[in-house]
Amino acid sequence: MKEIKIILLCFLTLITTACNQSINHKYDGSYSMNIQMFGMANSKKDLIINGNKIKYIDEIWNCRQYGDKVDVENGKMIFTYVDGDLVVNVPTLGKVRYVRISGDNDLTKK
């Protein structure tokens, strides 16, 4: 009976860890501000997310990924998931949309 409890506990731990990994890294990748100039989309990486780190305006901050948003440093900034893009509400600009341009999530590159 003790072996069954140990196996069940290991199985539940494995499932919990796997679920957390799949949810926590949903938004990993590079994003670009949705600005169209001369009919071409912006290809500059304005935002890079890698697990619990986010590079935004050349600074690396801690973040937490959820099913419908990315919370940056305890609510200083919240990117919500809307129609496949990340949207942040900037007080002076209003809602700014970031479009995913690649799966590259290397925070050390410029």
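**Pocket and hairpins**

Me: Which residues lie nearest the centre of the largest pocket?
Reply: Lys 44, Lys 45, Asp 46, Ile 57 and Asp 58 do, out of a lining of 13 residues. Bear in mind that this is a predicted model.

Me: And which elements give two or more residues to that lining?
Reply: Strand S4 (47–50) and strand S5 (53–56).

Me: How much space lies in there?
Reply: About 260 Å³ lies in the largest pocket.

Me: What's the lining like by class?
Reply: Seven charged residues and six nonpolar ones, with no polar residues in the lining of the largest pocket.

Me: OK, switching to the strands. How many bridges join S8 to S9, and do they run parallel or antiparallel?
Reply: Strand S8 (residues 77–82) and strand S9 (residues 85–90) run antiparallel, and three bridges join them. One pair to look at there is Tyr 81, whose bridge partner in S9 is Leu 86.

Me: What about the turn in that hairpin, which residue takes a positive phi?
Reply: Asp 83 does, with phi near 50°. The hairpin of S8 and S9 has two residues between the strands.

Me: Then where does S9 go, what joins S9 to S10?
Reply: Another hairpin, this one through three residues. S9 and strand S10 (residues 94–102) run antiparallel too, and five bridges join them.

Me: Got a pair I can click on? What's the bridge partner of Asn 89 in S10?
Reply: Try Lys 95, which is the bridge partner of Asn 89.

Key
Residues are numbered from 1 along each chain as its sequence is written. This is a predicted model: local features need pLDDT of at least 70, side-chain atom pairs count only at pLDDT 80 or more; totals for chains, interfaces and linings use all residues. Side-chain values use heavy atoms; hydrogens and water are left out. On a 1 Å grid over the protein atoms alone, a cavity is a set of points where a 1.4 Å probe fits but cannot get out, and a pocket is an open set with protein on both sides within 12 Å along at least five of seven lines; lining residues have an atom within 4 Å of a point. Grid points are joined across faces, edges and corners, and a volume is the space filled by probe spheres set on the points. Helices (H or I, at least four residues) and strands (E, at least two) are DSSP runs, numbered from the N terminus. Ala, Val, Leu, Ile, Met, Phe, Trp, Tyr, Cys and Pro count as nonpolar, Asp, Glu, Lys and Arg as charged, and the others, Gly among them, as polar. Two strands pair if DSSP finds at least two bridges between them.
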